[in-house]
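Please walk me through this protein model, beginning with its overall dimensions and then moving through its strands, helices and a few individual residues. I would like the criteria behind each term to be stated as the terms come up.

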Amino acid sequence: MCLLITQKKGSKVSNKKLGNAWNKNDDGVGYAFVKNGKIEIKKFMTFKPFKTSFNSDVKKYGNDSAFLIHFRYATHGVTSEFNVHPFRVNDNLVFGHNGVIHTVDDDKKLSDTQVFNNVILKNLDDGFLNNDGIRLLISN
């Protein structure tokens, strides 16, 4: 199963923990953070470039932004940077998922999470997270 990590503003996940996460989930790694008021996403298929980029971004933006980090363990879709989380839902929202989403159709190329994003999340109104009913539906 994938591994999803949140890093709070002003904190830092250690390189040792990042390395341990990669050793168990090495089908790609990505992270998202806020840079100059906009959400930025970076994705990698190898650990060393990820670690270099991540540490640089945390040093520059870590006091002002939380980070969402995802280590992929491929279960559906091809193993490629395209299927690495996090995924952009809209300009103000990204997401990652830890587990298998059984309520979407299988796709030979796309991960189940990518399909869920494309078919469900991207088609919801921008403020959908403020709707208790929609949050309940997508949480299942």
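**A guided reading of the model**

The protein chain has a radius of gyration of 15 Å, which agrees with the value near 14 Å that a compact globule of 140 residues would have; the radius is taken over C-alpha atoms, and the globule rule is 2.2 Å times the number of residues to the power 0.38. This is a predicted model, in which local features need pLDDT of at least 70 and side-chain atom pairs count only at pLDDT 80 or more, while totals for chains, interfaces and linings use all residues. Residues are numbered from 1 along each chain as its sequence is written, and side-chain values use heavy atoms, with hydrogens and water left out.

Along its principal axes, the C-alpha trace of the protein chain spans about 35 × 30 × 20 Å. Of the 140 residues, 40% count as buried, where buried means under 20% relative accessible area, exposed means over 50%, and partly exposed lies in between (1.4 Å probe, protein chains only). The chain exposes about 8300 Å², and carbon and sulfur atoms supply 50% of that area; the accessible areas come from the Shrake-Rupley method with a 1.4 Å probe, and for residues only the protein chains shown count as cover. Among the contacts with a separation of 6 or more, residues 24 or more positions apart account for 66%, a contact being heavy atoms within 4.5 Å.

The protein chain holds four helices and six strands, and from the N terminus on its elements run β-α-β-β-α-β-β-β-α-α. Helices (H or I, at least four residues) and strands (E, at least two) are DSSP runs, numbered from the N terminus.

Strand β4, residues 67-71, is a useful place to begin. Five of its five residues are buried, and the cover extends to both faces, with F67, I69 and F71 on one side and L68 and H70 on the other. Two strands are said to pair if DSSP finds at least two bridges between them. On this criterion β1 (residues 3-7) pairs with β4 in the antiparallel sense over five bridges, and β2 (residues 29-35) also runs antiparallel to β4, joined to it by four bridges. Residue I69 of β4 appears in both pairings, as the bridge partner of I5 and as the bridge partner of Y31.

From β2 the pairing continues to β3 (residues 38-44), again in the antiparallel sense, over seven bridges, with K35 standing opposite K38 in β3. The hairpin of β2 and β3 has two residues between the strands, and in it N36 takes a positive phi near 55°. Most residues other than glycine have a negative phi, and most peptide bonds are trans. N36, which is not a glycine, has its positive phi all the same, and this residue is exposed, with a relative accessible area of 69%. A cis peptide bond is also present, joining H85 and P86 with omega about 0°; P86 is found in the loop between β4 and β5.

Within β3, I39 brings together residues distant in sequence: the C-alpha atoms of I39 and D91 are 52 residues apart along the chain but separated by 7.3 Å. Leaving aside its neighbours within four places in sequence, I39 is in contact with A32, F33, V34, R88, D91, N92, L93 and V94. Strand β5 (residues 87-90) includes N90, which is buried, with a relative accessible area of 15%.

How many of the eight residues of helix α3 are buried? Six of them are, in a helix that runs over residues 112-119 and is mostly covered; the buried residues are D112, T113, Q114, V115, F116 and N117. What covers them includes β5, β6 (93-95) and α4 (132-139).

A last stop is G62, in the loop between α2 (47-61) and β4. Is G62 buried or exposed? At 3% relative accessibility, G62 counts as buried, and beyond its neighbours within four places in sequence G62 is in contact with K9, G10, D57 and F67.
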